[in-house]
Amino acid sequence: MSSMLNTTALVILQPRLPPNPRAAANIGIAAGPAGIPLMQSTPALSATMFSVDSLNITAVKVRLMERAGKEFGVDQADYESVSSYGAAVKSAVEALKRQSPSAIAEIERQLGLDQLGVSLDTLVGAIVDPRGTDNESLGAALKQHEGGQGEGDLASVQPDELRLYGG
């Protein structure tokens, strides 16, 4: 896995902190040196941040993002940042929409997005802006799918015997 995918995973996993120390203090987050907010550890927060389920959802997101690029012949290693990679995937999707709009549904099916109830545009939006609403929607769909997943559902979302996600 390339360092770009690791960077995407880190951005997705980063907690969202208030922009200034005063706001941090108002919700119970202490400010450290230079006014940088520090998070106070609580059992609920620790359980959320270090949950195996959260990491599985993130791994699935990263894998879906990688597979989407491959569908369009876009290799993340060729780009300096995740956002430039996302922009290239978005351009490829837009070009395909102009040439063959019906092909988009086939790619959504191949990626399993149809079973998640998520569009290719939502996945691309999550790549372009890992902190945006598309990423949140993708995460919610994956979480819902994971909760109701049964035999024969998306093989790409289930880990194999080595706990790796196939594609």
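Biologist: With contact meaning heavy atoms within 4.5 Å, which residues does Leu123 touch, leaving aside its neighbours within four places in sequence?

Modeller: Leu123 is in contact with Leu64, Met65, Ala68, Leu111, Leu113, Val118 and Leu138 once those neighbours are set aside. Please note that this is a predicted model, in which local features need pLDDT of at least 70 and side-chain atom pairs count only at pLDDT 80 or more, whereas totals for chains, interfaces and linings use all residues. Residues are numbered from 1 along each chain as its sequence is written, and side-chain values use heavy atoms, with hydrogens and water left out.

Biologist: Where does Leu123 lie, and is Leu123 buried or exposed?

Modeller: Leu123 lies in helix H8. Its relative accessibility is 0%, so Leu123 counts as buried (buried is under 20% relative accessible area, exposed over 50% and partly exposed in between, using a 1.4 Å probe and protein chains only). Glu108 is 15 residues away from Leu123 in sequence, and the two are 9.7 Å apart in space, C-alpha to C-alpha.

Biologist: How many residues of H8 are buried, and which ones?

Modeller: In H8, 7 of the 9 residues are buried, so the helix is largely enclosed by the rest of the structure. The buried residues are Leu120, Thr122, Leu123, Val124, Gly125, Ala126 and Ile127.

Biologist: Let us step back. How many helices and strands does the protein chain have?

Modeller: There are 9 helices and 2 strands in the protein chain. Both are DSSP runs numbered from the N terminus, helices being H or I with at least four residues and strands E with at least two. Starting at the N terminus, the order of elements is α-α-β-β-α-α-α-α-α-α-α.

Biologist: And the overall burial and surface: what percentage of the residues counts as buried, and what area does the chain expose?

Modeller: The protein chain has 167 residues, of which 38% count as buried. About 9700 Å² is exposed, and carbon and sulfur atoms supply 54% of that area; the areas come from the Shrake-Rupley method with a 1.4 Å probe, and for residues only the protein chains shown count as cover. Among contacts with a separation of 6 or more, 55% are between residues 24 or more positions apart.

Biologist: Back to the helices. At what angle do H5 and H8 pack?

Modeller: Helix H5 (residues 82-99) and helix H8 (residues 120-128) pack at about 155°, and their axes are 8 Å apart. That makes H5 roughly antiparallel to H8 (angles under 35 degrees count as roughly parallel, over 145 as roughly antiparallel, 65 to 115 as roughly perpendicular and the rest as oblique). Axes are lines fitted to C-alpha atoms, for helices over the stretch in contact, with angles from 0 to 180 degrees between N-to-C directions.

Biologist: Which residues make that contact, and how do they divide by class?

Modeller: H5 contributes Val82, Ser83, Tyr85, Gly86, Ala87, Val89, Lys90, Val93, Glu94 and Lys97, while H8 contributes Leu120, Asp121, Val124, Ile127 and Val128. By class, the contact of H5 with H8 has 9 nonpolar, 2 polar and 4 charged residues. Here Ala, Val, Leu, Ile, Met, Phe, Trp, Tyr, Cys and Pro count as nonpolar, Asp, Glu, Lys and Arg as charged, and the others, Gly among them, as polar.

Biologist: What about Ala87 in particular: how far is Ala87 from Val128 in sequence and in space?

Modeller: Ala87 and Val128 are 41 residues apart in sequence but 6.3 Å apart in space, C-alpha to C-alpha. Ala87 is found in helix H5 and, at 40% relative accessibility, counts as partly exposed.

Biologist: How are H5 and H6 arranged?

Modeller: The axes of H5 and helix H6 (residues 101-111) come within 5 Å and cross at roughly 125°. The two helices H5 and H6 are therefore oblique to each other. Val93, Leu96, Lys97 and Gln99 of H5 meet Pro101, Ala103, Ile104 and Ile107 of H6. This contact of H5 with H6 comprises 6 nonpolar, 1 polar and 1 charged residues.

Biologist: And at what angle do H8 and H9 cross?

Modeller: H8 and H9 cross at roughly 120°, with axes that come within 7 Å. They are therefore oblique to each other. Asp121, Thr122, Leu123, Gly125 and Ala126 in H8 meet Asp134, Asn135, Ser137 and Leu138 in H9. By class, the contact of H8 with H9 has 3 nonpolar, 4 polar and 2 charged residues.

Biologist: Finally, which residues does Asp134 contact beyond its neighbours within four places in sequence?

Modeller: Asp134, which lies in helix H9 (residues 133-147), is in contact with Asp121, Thr122, Gly125 and Ala126, leaving those neighbours aside. Asp134 is partly exposed, with a relative accessible area of 28%.

Technical notes. Contact means heavy atoms within 4.5 Å.
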